[in-house]
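Trainee: I should like to practise reading a structure step by step. May I put my questions to you?

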Amino acid sequence: MGTTAVLNRPVTTLSVAASAAAAFLFSGVLFLSTFILRGDSPFFCSLPPSIHPHQPADELLSAIFHYATSSIVPQQSRSEISISLNILRRRSPCNFLVFGLGHDSPMWSAFNAGGTTVFLEEDPKWFQFVLRDFPTLRAHNIRYPTKLSEANDLIRTYRSEPECLPPRAHLKGNRRCRLALADLPTEIYETEWDLIMIDAPKGYFAEAPGRMGAIYSAAIMARGRRGEGLTDVVLHDVERNVEKTYAMEFLCKKYLVEGSGRLWHFQIPAARGNETSTMDEFC
């Protein structure tokens, strides 16, 4: 494995590209709202009884209003956003877990209107800042047990701990495996996630948490799926060495179905009935 790359996170500026992204976002949310507000959308077919039609509509209208009146646009590019939007067009309303909280969070929540969208954020000040402006978002402030500077050591040594490897690998309470996110809120472990987006935590300086644990834990969640179908996992910032290396180790090149810009899309089957003769391998 090569030396861990430490890259600065890009800063969003007002530009022609930003304006185009804002227009795309507005049109995307408007597209979804057309179906929901019209009342004949297939999105409502699988809604649980506790979800009322006005709730998704309110969420969509709030997102449209926010992005139509804001100069701040999401960090991902139009082509990157399109990949996750197409997944949500196919699967929404669904269970959508997002590692990261930011200016794009109302967009993702609105794209999954009527579903369950949960955000995980490690920075307590940023967590409070975002929820001050968007208090209806469903989010948790969490702590990561690792640092980016540990990435090389973790990838070299995780195989020496049986609790990190299939078939014994698990998350909740698993403090023997340094990569496992063992102390997440209970609902994260109890929910079967259809789409997982990894766009956090910070991974661009040595003392940052890095995305090692998020990538590993997303793989465990996907492999542990009990229901039918695949788990869609999208990973951002794949130009960075840690994201790329951990993706190939745990999300697997054979499950990579598409990519655009700095984002990769994986479709991961449950481990049940899918294990090879080498039981302690992810890929």
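Trainee: Is C164 buried or exposed, and what of C177?

Mentor: This is a predicted model, and the states given here are computed from it. A residue counts as buried when its relative accessible area is under 20%. For C164 and for C177 the state is buried.

Trainee: How far apart are the sulfur atoms of C164 and C177?

Mentor: A disulfide is a covalent bond between the sulfur atoms of two cysteines. A pair of cysteine sulfur atoms is accepted as a disulfide within 2.5 Å. C164 and C177 form such a link, and their sulfur atoms are apart by 2.1 Å.

Trainee: Why is the disulfide of C164 and C177 described as right-handed?

Mentor: The handedness follows from the torsion about the S-S bond. The disulfide of C164 and C177 is right-handed because this torsion is about 110°.

Trainee: Which parts of the chain does the link of C252 and C283 join, and how many residues apart are they?

Mentor: C252 and C283 form a disulfide, with sulfur atoms 2.0 Å apart. C252 lies in the loop between α9 (241-251) and β6, while C283 lies in the segment after β7. The link therefore joins distant parts of the chain, and their separation in residues is 31.

Trainee: Is C283 buried, partly exposed or exposed?

Mentor: The partner C252 has a relative accessible area of 1%, so C252 is buried. Buried requires a value under 20%, and exposed a value over 50%. C283 has 40% relative accessibility, so its state is partly exposed.

Trainee: Which strands stand at the edges of the sheet?

Mentor: The open sheet has 7 strands, in the order β3-β2-β1-β4-β5-β7-β6, with mixed pairing. An edge strand has a single partner, so one side of it is left without a neighbour in the sheet. The strands at the edges are β3 (139-141) and β6 (256-260).

Trainee: Which residue of β7 stands opposite L256?

Mentor: Strands of a sheet pair through backbone hydrogen bonds, either parallel or antiparallel. β6 and β7 (residues 263-268) pair in the antiparallel sense over 4 bridges. Opposite L256, in β7, stands F266.

Trainee: What angle does the direction of helix α3 make with that of β5?

Mentor: Helix α3 (residues 78-91) packs on the sheet. It touches β1 (95-99), β4 (195-198), β5 (231-236), β6 and β7. The direction of α3 makes with that of β5 an angle of about 165°.

Conventions. Residues are numbered from 1 along each chain as its sequence is written. This is a predicted model: local features need pLDDT of at least 70, side-chain atom pairs count only at pLDDT 80 or more; totals for chains, interfaces and linings use all residues. Side-chain values use heavy atoms; hydrogens and water are left out. Two strands pair if DSSP finds at least two bridges between them. Helices (H or I, at least four residues) and strands (E, at least two) are DSSP runs, numbered from the N terminus. Contact means heavy atoms within 4.5 Å. Axes are lines fitted to C-alpha atoms, for helices over the stretch in contact, and angles run from 0 to 180 degrees between N-to-C directions. Buried means under 20% relative accessible area, exposed over 50%, partly exposed in between (1.4 Å probe, protein chains only).
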